[in-house]
Amino acid sequence: MIISLMTPEQEALVETTKKFVENVIRPVAAKYDQSSEFPEKELKQAASQGLVNLTLPFGSELSLYDACLVIEELAKGCAGFATSIVANDLALTPIAIGGTADQKEKFIKPIVESGEFASFCLTEPGAGSDAAGLSTSVTTDGDDYVITGNKQWITNGGYATQYTVFATHDKSKRAKGISCFVVPANTKGITCGHHEDKLGQRCSNTVAINFDQVRIPKANLIGKEGEGFKIAMQTLDFTRPMTAILSVGIAQRALECSLEYAKERKQFGAEIASFQGIQFMLADMATMIEASRLLTLHAAKLITDGKKASKESSMAKRLSADSAMEITTNAVQIYGGYGYTKEYPVEKLMRDAKLMQIYEGTSQIQRVVIARELLNG
Ligand code: CAA
């Protein structure tokens, strides 16, 4: 982090997070990576210290910029843990953006105050990158809405007590047919699939969720009918800097490990850090991290200042995710055979980094958003 640019309050926030990472996350990260178990106890501990629901009303109410400072540190401890935290902001931000004051009080406050989990349910088996092509249907019945369909890759889904669900009144209308709803997880008709056995970020809970004639009151509509897609896109504009900085955290940790190892490991009678081949790799890693961090904090600052930043958010997400993949792969390369084993930390970082190029919009989708903004203004 660029210490000289931080205020004393931001420095204190980063320091608190670092301590939490050192004392609580690091000691259990490898264990949960192996078991794929959800770190529920440690996440509740994070919530009690204000390290969850970072940007939300009734939560820590940090600016997006300050939230990014926290998330980088969390991700240096464990990316799956940080993803579980960011997923709560993702799930509740649509309500913060599109909800009335009463809805914020009713749907954000209890989750935040109890330290419970929530999930953002947009993606479906047949609608990933093409979010406007979703099929989960919603019909009106008296004073209720009735939702039926399948959601896929839902982060925190198995532990959430509340879902933010996007469903369509008329699939042929694509984006204009979609609305956003709050659905309590204990509503009749909801079933969760098994936790996915993932390559990386294994402690982050990922499930499919089936909605079978799930009935909710009309008061659970967020925004107006047909506004759901825009709310989803505005939410992603806001949360993509959080996932971008999560990538920066993974990459920074990979650099720190690589520097340490390169100074220890001896070959040809010298530390491998003395060889220019390794030095150039380290120099490129550091440069890519600095560029990713600056672009991400720039996007976060624009949003904090109330500006629209779809392009910058997507640029930050794209650069940081692709850089983290390259940097962590090179970290494994610097460690050589040892890096390929679970005895050392870098293979986990490489596995964790891969997901950053996929979730909250693939690197290809970020380019679509950037190009559209460039071409259409
Ligand atoms: N802000 C406000 N409005 C927006 C917007 C934005 N950023 N982006 C689009 N819109 C509006 C458009 O203006 C348009 O409205 P009008 O018709 O009134 O002009 C409407 O939304 C439809 O927009 P598009 O025509 O651009 O829609 P599209 O179908 O072409 O969308 C896309 C293209 C941008 C690629 C979009 O599908 C997309 O972002 N896909 C990726 C989805 C994604 O990121 N999913 C991740 C799920 S979350 C996840 O992974 C989380 C997890 O659990 C970890």
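What follows is a conversation about helix packing, strand β1 and a few single residues in this predicted model.

Reader: Before we get into details, what kind of model is this?

Author: This is a predicted model, and local features are described where pLDDT is at least 70.

Reader: Fine. Let's begin with α1 and α3, then: at what angle do they pack, and how far apart are their axes?

Author: Helix α1, which covers residues 8–35, packs with helix α3, residues 64–77, at an angle of about 25°, and the two axes are 8 Å apart. Because angles under 35 degrees count as roughly parallel, that makes α1 roughly parallel to α3.

Reader: And which hand does the crossing of α1 and α3 have, left or right?

Author: The crossing of α1 and α3 is right-handed.

Reader: Which residues meet there?

Author: On the α1 side they include Leu13, Val14, Phe20, Val21 and Ile25, along with Lys18 and Arg26, and on the α3 side they include Tyr65, Asp66, Leu69, Val70, Glu73 and Leu74. Sorted by class, the contact of α1 with α3 has ten nonpolar, three polar and five charged residues.

Reader: Now for the loop that leads into α3. Where exactly is Phe58, and what is its phi?

Author: Phe58 is in the loop between α2, residues 40–48, and α3. Its phi is near 75°, which is a positive value in a residue other than glycine.

Reader: Is the Phe58 side buried, exposed or partly exposed?

Author: Phe58 is partly exposed, with a relative accessible area of 32%.

Reader: Which loop holds Asn156, and what phi does Asn156 have?

Author: Asn156 lies in the loop between β3, residues 144–155, and β4, residues 160–168, and although Asn156 is not a glycine, it has a positive phi of about 70°. As for exposure, Asn156 is buried, with a relative accessible area of 0%.

Reader: You mentioned β4. Which strand is joined to β4, and by how many bridges?

Author: Five bridges join β1 to β4, and these two strands run parallel. Within that pairing, Ser119 stands opposite Tyr163 of β4.

Reader: How many residues of β1 are buried?

Author: In β1, residues 117–121, five of the five residues are buried, so the strand is largely enclosed by the rest of the structure. Both faces are covered, with Phe117, Ser119 and Cys121 buried on one side and Ala118 and Phe120 buried on the other.

Reader: Changing topic to the later helices: how do α7 and α10 pack?

Author: Helix α7, residues 228–264, and helix α10, residues 346–356, pack at an angle of about 160°, with axes 10 Å apart. Since angles over 145 degrees count as roughly antiparallel, that makes α7 roughly antiparallel to α10. The crossing of these two helices is left-handed.

Reader: What makes up that contact?

Author: From α7 the contact draws on Thr243, Leu246, Ser247, Ile250, Arg253, Ala254 and Cys257, and from α10 on Val346, Leu349, Asp352, Ala353 and Met356. By class, the contact of α7 with α10 has eight nonpolar, two polar and two charged residues.

Reader: I also clicked on Ala321. Where is it, and what does Ala321 touch?

Author: Ala321 is found in helix α9, residues 310–335, and it is buried, with a relative accessible area of 0%. Not counting residues up to four places away in sequence, Ala321 touches Ser247, Met356, Gln357 and Ser363. Its C-alpha atom is separated by 7.8 Å from that of Val248, although the two residues are 73 apart along the chain.

Reader: And how do α9 and α11 cross?

Author: The axes of α9 and helix α11, residues 363–376, come within 9 Å and cross at roughly 150°, and α9 passes α11 in a left-handed crossing. The residues that meet include Ser314, Arg318 and Ala321 in α9 and Ser363, Arg367 and Glu373 in α11. That contact divides into five nonpolar, four polar and six charged residues.

Reader: Last one, Ser204: which residues is it in contact with?

Author: Leaving aside neighbours within four places in sequence, Ser204 is in contact with Gly80, Thr83, Ser84, Thr155, His195 and Lys198. Ser204 sits in the loop between β6, residues 190–192, and β7, residues 206–217, and it is buried, with a relative accessible area of 2%. The C-alpha atoms of Ser204 and Ser36 are separated by 7.7 Å, with their positions 168 residues apart along the chain.

Key:
Residues numbered from 1 in each chain as written. Predicted model: local features only at pLDDT ≥ 70, side-chain atom pairs only at ≥ 80, totals over all residues. Heavy atoms only, no water. Axes fitted to C-alpha atoms, helices over the stretch in contact; angles between N-to-C directions. Helix = DSSP H or I, 4+ residues; strand = E, 2+ residues; numbered from the N terminus. Parallel < 35°, antiparallel > 145°, perpendicular 65-115°, else oblique. Left-handed = near helix turned anticlockwise from the far one by under 90°. Contact = heavy atoms within 4.5 Å. Nonpolar A, V, L, I, M, F, W, Y, C, P; charged D, E, K, R; others polar. Buried < 20%, exposed > 50% of the residue type's maximum accessible area, 1.4 Å probe, protein only. Pairing = 2+ DSSP bridges.
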